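User: Can you walk me through the ligand site in this one, and then how the chain is divided up?

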Amino acid sequence: MDRIRIVGGNELHGVIPISGAKNAALPLMIASLLTDDTLTLENVPHLADVEQLIRILGNHGVDISVNGRRERQGESYARTIHFTCRNIVDTTAPYELVSKMRASFWVIGPLLAREGKARVSLPGGCAIGTRPVDLFIEGLQALSANIEIDSGYVNATAPAGGLIGARYTFPKVSVGATHVLMMAATLANGTTVLGNAAREPEVVDLANCLNAMGAKITGQGTATITIEGVRSLSGARHRVLPDRIETGTYAMAVAMTGGDVILEDTDMALLDTALEAIRRAGAEITPTNSGIRVVRNGAGIKPVDIVTDPFPGFPTDLQAQFMGLMTKSNGVSHITETIFENRFMHVQELARLGAKISLSGQTAKIEGVSRLKGAPVMATDLRASVSLVIAGLAAEGETMVSRVYHLDRGFERLEEKLTRCGAHVERVSD
Ligand code: EPU
């Protein structure tokens, strides 16, 4: 199994191209199930999760072709992928597939809307928490779906004339349930109003793409989304928005090591709260024509307290990375996780590098240290593993990160992007 070897101590200088957002690409790909026409997505990142979803969609009858590779610096990335689902050949999403990637549960929305039925495995637990699906079930029931849970599967059926638009207010903000209800409601009879909806940029991206396909959605980006059902959707061409989590991760890496880096093809407006926290930690952040410039010279890292929250709050998907940065601050900081109940698996691993962190409930107290020392570490989830990379970049000596498949789920060409900026990072295959 591959590992990533990091020799810490180098500043980062250069340009890092930001990929399309994983968490937008996944629901956008799933939206292709809603039409018999071709949905073309540009700027799709090359990630293990995307490849896995391609396999899952293929199972349901989606024909997929990849082309239009964009060449830059001699390498191809940012793929254009065409998805065509003339007929849905299977409305079952089996456990073997759904348990590998939680987002594949989301096919329940389009399958139910287009075919009137879906049988989708419950996703099961995952490293960052229990992650139930009660909100999906309640929301689909509000659209008049009949739902039964049987042998680990959710069996959903729509009334004979299709789903029926309704008012539904989420008792808790959920990105995935908002995606699913929005997709399901596009083909429902009548109007659906979703209250307390997720406001994440990826929800807006999906709504914009669905509108390009002929849906009638308004209010995306606010807590109330209105969807007027239409009879059918057509194809469209849509560009996946930049990955705000990748953007924030590299911004934190520069804040950690010091240096001067331009993050290209991204947008500050996608992550205001996180950038503000990085600024307060001592980095200068300014917009450029096509992205963001992050600079930290000389001055040390200041301690900053953060609390994760749904958008526009500080994203849970950047919490581990920010903790990595705070391990070397010149004071005491606190990080409170409010979205997932078990998203502190990186704490023990950061401690192996010399970090001083104590946990009390959902809050971590980080006492900054002046030096970290490289060590072998391993990660249990995607964002935790990249926090170890950030810490490793500023640690003395060698850090070896194992279980790299977590990183490959969400970071495209991480080692190349960092190496080009002067870091010593390499993939080691055993
Ligand atoms: N929740 C419920 N019931 C539900 C659905 C969610 O209680 O039916 C709870 C969850 O357990 C959690 C909270 O609501 O405590 C928020 O979960 P949400 O549904 O918003 O998360 P998600 O849609 O499963 C997406 C991202 C995650 C990201 C979260 C929060 C994708 C593919 N995943 O997950 O990304 O952390 O939103 O922003 O978009 C990652 O990329 O590493 C990742 C985990």
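User: How many residues surround the ligand, and which are the closest?

Analyst: There are 24 residues around the ligand, counting a residue if one of its heavy atoms lies within 4 Å of it, and the closest are Asp134, Ser174, Asp317, Ile339 and Arg383. This is a predicted model in which local features need pLDDT of at least 70 and side-chain atom pairs count only at pLDDT 80 or more, while totals for chains, interfaces and linings use all residues. Residues are numbered from 1 along each chain as its sequence is written, and side-chain values use heavy atoms, with hydrogens and water left out.

User: Ok, which backbone N or O atom lies 2.6 Å from a ligand oxygen?

Analyst: That one belongs to isoleucine 339. On the side-chain end, an N or O atom of asparagine 23 is 3.0 Å from an oxygen atom of the ligand, and for arginine 343 the corresponding value is 3.4 Å.

User: How much of the ligand does the protein bury?

Analyst: The protein buries 91% of the 830 Å² that the ligand exposes when taken alone, with accessible areas from the Shrake-Rupley method and a 1.4 Å probe.

User: Switching topic, what does the domain assignment give?

Analyst: It gives domain 1 (2-18 + 242-429) and domain 2 (22-239), with bounds from an automatic or database assignment. Their centres, taken over C-alpha atoms, are separated by 30 Å.

User: And why does the ligand lie between them?

Analyst: Because domain 1 and domain 2 both give residues to the shell around the ligand.

Terms used: A polar contact is a pair of N or O atoms within 3.5 Å; within protein, one must be able to donate a hydrogen and the other to accept it, and residues adjacent in sequence count only if both atoms are side-chain atoms.
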